[in-house]
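Biologist: Please take a close look at the surroundings of one residue in this structure, and then follow the charged side chains outwards from there as far as they lead.

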Amino acid sequence: MAKDSIIKIRNVSFTYPDTTSPAINNISFDIKRGSWTSIIGHNGSGKSTIIRLINGLLVPDNKNSPYIEVDGTELTDKTVWNIRDKVGIVFQNPDNQFVGATVADDVAFGLENRGVPRSKMLKIVPEAIKAVGMDDYTNAEPSNLSGGQKQRVAIAGILAIQPKIIILDEATSMLDPSGRSKILQIVHQMKKKDNLTVVSITHDIDEANLADQIIVMNNGGLVDQGNTKEIFSKVKLLKSLGLDVPFASQVKEKLLQSGISIPKEINSEKELINYLCQSNSKK
Amino acid sequence: MSKILIGRYVPGNSLVYKMDPRGKLLVTILFIFIIFLANNWVTYAIITIFSFLAVAATKLKAKVFWDGVKPLIWLILFTSVLQLFFTTGGQIYWNWIIFTISSYGITNAIYIFIRFTLIILISTVMTVTTMPLEIADAMEWILTPLKYVKVPIDKIALVMSIALRFVPTLFDETLKIMNAQRSRGADFNNGGLIKRAKAITPLLVPLFINSLETAVDLSTAMESRGYRDGANRTRYRILKWSKYDLYELAYFIILVLLLLVFRTK
């Protein structure tokens, strides 16, 4: 498993200054290249802290010899800028990550930082803006855009620098349902086209459901890790951590409670519908 | 409300809009100096005609410029009236204790009135036809020589553009907080000076905290997008001189020459 993991985290702990208990407590996990991983957990479980550790915004506590590796490079003081080139993050608040005064300026910001010559930027920037469907707004100012549009611009800014990993740090949590589905659709297309790795931190169970792998966190520790089906069949565990479960799992749980037996392997909405229709027609 | 925040920029597409903001800013600043070259009726007439030419070239409604002059009209009138009553010399028409109305006083008052109005007109021409962002770029260009005395122009430019970018955001935020506090009974518009100053506290404190939080979020986002101190950054947005700027140059040179020729020594 070692070779195809793009992110490797070993024995990482992190304590914020002025607090006694660690925000992240001795965590280790791997993320596969080209996969979609969701990290779920209730508020304050350390999800966002993990992200800031991955691209070196925070430095792990110096105990248990922590090790973080991104795309084959170990995260150190010297490599932190290389790693930031490979990781693009879309943050939660669309207003607070818009640096440029117009859409084009903002998309170009990452390129400016990397010293890309202007002639190249003139080509890359419109392409990136077009890829997220914002070409009608190239010269618009952020105050005239909706939250969903601002997040799309943030994604364009990431596209422009061609990263290997996209991290969505609750990027859709402040958006309305249509803005949310549009963002997820764009990320999905990008992932397919450039074989990107996506890590999404989310409270939204439908967004977590898109993932190949789910990591469940609680109080800075890693509680469970597995594919979507495995995790969402553990309704009791998730509820005890204060998390939601997908609609299909909720229905299944209620049916089980009212005495209708449903096989364990049925978890998705489609399977459940098929099973219920079949068992109904048998009667 | 959002009309106020974008400076007083009025979108348009006339000649003045196509000019480079650097040229406009320079000419506006220099205009304030050369207006003092005028010292007789002919030169004042010339500079008035030239100012109105600039106003006409914007092809904007007269009301826009009236809005520019209006807030300062009392200052202009006050200064003119002072000139009128306290200047002595020439033929004296009226005298009462310390107040005099003389021929010099009358001409001086009119000169001051014209001078004030024209300076405001010309600066309005610049601000209504140039986006705040362009003005910031132009200021950066003008400040560039300070690099040689180790002034961090790049950082100042970034600060300016971020400040401008957050003006509308903070304005929206202010309105939201005001409405939220109003819905809990805060009263921002009534009472005496002290009561009103106190009423502002529930507005200012959250606004201040919000701004700090925004700053932290923004700096995190900037850093994770590869911004680092002192690195060689390239620029996406650049300013270009065009043929329209030659018109502006010609306008300015002709104006200065005419003023120099016709002013009384």
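**A strand residue and the charges beyond**

Modeller: Leaving out residues up to four places away in sequence, Thr197(A) touches Ile6(A), Ile31(A), Lys32(A), Arg33(A), Gly34(A), Ser35(A), Lys164(A), Ile165(A) and Ile166(A), where touching means heavy atoms within 4.5 Å. This is a predicted model, in which local features need pLDDT of at least 70 and side-chain atom pairs count only at pLDDT 80 or more, whereas totals for chains, interfaces and linings use all residues. Residues are numbered from 1 along each chain as its sequence is written, chains are lettered from A and ligands numbered from 1 in the order in which they are written, and side-chain values use heavy atoms, with hydrogens and water left out.

Thr197(A) belongs to strand β8 (residues 197-201) of chain A; strands (E, at least two residues) and helices (H or I, at least four) are DSSP runs numbered from the N terminus. Thr197(A) has a relative accessible area of 0% and is therefore buried, a class that means under 20%, with exposed over 50% and partly exposed in between (1.4 Å probe, protein chains only). Although 191 residues separate Thr197(A) from Ile6(A) in sequence, their C-alpha atoms are 8.0 Å apart in space.

One of the contacts of Thr197(A) is Arg33(A), and from here the charged side chains can be followed. Arg33(A) forms a salt bridge with Asp71(A), with 2.9 Å between the closest N and O atoms; the term requires a side-chain nitrogen of Lys or Arg within 4 Å of a carboxyl oxygen of Asp or Glu. Because Arg33(A) lies in the loop between β2 (24-32) and β3 (36-40) of chain A, and Asp71(A) in the loop between β4 (67-70) and β5 (73-74), the pair ties together parts that are 38 residues apart in sequence. The two partners differ in burial class, since Arg33(A) is partly exposed at 39% relative accessibility, while Asp71(A) is buried at 14%.

Over all chains the structure holds 22 salt bridges, and one network of them links Asp105(A), Asp137(B), Glu140(B), Arg235(B) and Arg237(B). Within this network Asp137(B) meets Arg235(B) at 3.8 Å, N to O. That pair links helix α8 of chain B, which holds Asp137(B), to the loop between α11 (201-224) and α12, which holds Arg235(B), 98 residues away. Asp137(B) also meets Arg237(B), at 2.3 Å, N to O, and here too the link runs from helix α8 of chain B to the loop between α11 and α12, over 100 residues. Asp137(B) is buried at 11% relative accessibility, whereas Arg235(B), at 36%, is partly exposed, as is Arg237(B), at 23%.

The network has members in both chains, which leads to the interface. There, 39 residues of chain A are in contact with 27 residues of chain B, and the rule finds 4 salt bridges across the interface. In a salt bridge between the chains, Glu223(B) pairs with Arg84(A), the closest N and O atoms being 3.3 Å apart. On the side of chain A that touches chain B, the elements giving two or more residues are α2 (80-86), β6 (87-90), α3 (103-113) and α4 (118-131), and α3(A) gives the most, with 10 residues.
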